[in-house]
Amino acid sequence: MYRELSVKTRLREECVPITALVQGVVKEEGIRDGWCVVYVPHTTAGITIQENADPDVIEDLMAGLDRMVPQNALYQHEEGNSPAHIKASLLGSSVTVFIEEGKLLLGTWQGIFFCEFDGPRHRRVWVKVSGIK
Ligand code: ZN
């Protein structure tokens with residue numbers, strides 16, 4: 001079984017911290033030793049693990065992606081949101097985190113971020129927790 005989380009984005013592009021939401025699923029599932037896969041079932045949103053201490057890091061990440069993937073380049077896709085698709089692919093659609101003593105095992109400065117590139121929308125995040133209770 002997997003669990004579905006809802007993420008409501010408010011801007012065309014933004015990164016939403018979801019570590020606490022994912023930790024909540026781990027707690028509810030009661031897994032003490034295992035791993036957790038966090039998956040984004042969308043083609044214009046991605047997921048990443050990045051610094052959650054200084055918000056400028058996420059700002060710089062989004063600005064860096066903008067420089068790599070310009071909005072006004074020539075694209076074939078008629079929907080007009082190719083930059084969002086490309087940015088989603090660059091970040092990827094899942095992350096895996098170990099679980100130790102019932103807690104997500106993240107580095108001191110790390111957090112999990114849902115990254116919207118074609119919002120605002122209601123989005124879904126699927127979480128699958130496996131391991132020993
Ligand atoms: Zn599209």
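**A zinc site, a buried strand residue and a salt-bridge network**

In sequence, the residues that donate to the zinc ion follow the spacing H-x1-E-x1-N-x3-H. The structure shown here is a predicted model, and the zinc site is a convenient place to begin. The pattern corresponds to His77, Glu79, Asn81 and His85, which coordinate the zinc ion at 1.9 to 2.2 Å. Both histidines contribute their NE2 atoms, while Glu79 donates through OE and Asn81 through OD1. The angles among the 4 donor atoms run from 89 to 152°, and the site is irregular. The upper value explains this label: four donors count as tetrahedral only if all angles lie between 85 and 135 degrees. As for the surroundings of the two histidines, His77 is partly exposed, with a relative accessibility of 35%. His85 is also partly exposed, at 22%.

Attention can now turn to a residue in a strand. Phe113 belongs to strand E7, which covers residues 110-116. Phe113 counts as buried because its relative accessibility is 6%, and the cut-off for this class is under 20%. Which residues is Phe113 in contact with, leaving aside its neighbours within four places in sequence? The list comprises Cys15, Val16, Pro17 and Ile18, then Gly46, Ile47 and Thr48, and finally Gln50, Glu51, Asn52 and Ile58. Thr48, one of these partners, stands 65 residues away from Phe113 along the chain, yet the C-alpha atoms of the two are separated by 5.4 Å.

The surface offers another feature to look for. Trp35, Phe98 and Leu105 make a nonpolar surface patch of about 350 Å². Leu105, a member of this patch, is found in the loop between strand E6 (103-104) and strand E7. With 47% relative accessibility, Leu105 is classed as partly exposed.

Charged side chains complete the picture. Side chains of opposite charge can pair when their charged atoms come close. How many salt bridges does the structure hold? The total is 9. One of them joins Arg3 to Glu28, with an N to O distance of 2.5 Å. Arg3 sits in strand E1 (residues 3-8) and Glu28 in helix H1 (residues 19-29), so this pair ties together parts that lie 25 residues apart in sequence. The two partners fall into separate accessibility classes: Arg3 is partly exposed at 26%, whereas Glu28 is exposed at 58%.

A further salt bridge links Arg12 with Glu13, whose closest N and O atoms are 3.7 Å apart. Here Arg12 is partly exposed, at 42% relative accessible area, and Glu13 is buried, at 18%. Lys87 and Asp66 also form a salt bridge, and their closest N and O atoms are 2.5 Å apart. This pair connects distant parts of the chain, with Lys87 in helix H3 (residues 82-91) and Asp66 in helix H2 (residues 55-68), 21 residues apart. Is Lys87 buried or exposed? Lys87 counts as buried, because its relative accessibility is 0%. Its partner Asp66 is partly exposed, with a relative accessible area of 34%. Through salt bridges that share partners, Arg12, Glu13, Asp66 and Lys87 are joined into one network.

Terms used. Residues are numbered from 1 along each chain as its sequence is written. This is a predicted model: local features need pLDDT of at least 70, side-chain atom pairs count only at pLDDT 80 or more; totals for chains, interfaces and linings use all residues. Side-chain values use heavy atoms; hydrogens and water are left out. Donors are N, O and S atoms within 2.8 Å of the metal (3.2 Å for Na, K and Ca); water is not among the atoms, so sites may look incomplete. Four donors count as tetrahedral if all angles lie between 85 and 135 degrees; four count as square planar and six as octahedral if opposite donors are over 155 degrees apart and all others between 65 and 115; anything else is irregular. Buried means under 20% relative accessible area, exposed over 50%, partly exposed in between (1.4 Å probe, protein chains only). Helices (H or I, at least four residues) and strands (E, at least two) are DSSP runs, numbered from the N terminus. Contact means heavy atoms within 4.5 Å. Patches are made of residues with over 30% relative accessible area and no salt bridge: like charges are joined within 9 Å, nonpolar side chains (Val, Leu, Ile, Met, Phe, Trp, Tyr) within 5 Å. Accessible areas come from the Shrake-Rupley method with a 1.4 Å probe; for residues, only the protein chains shown count as cover. A salt bridge is a side-chain nitrogen of Lys or Arg within 4 Å of a carboxyl oxygen of Asp or Glu.
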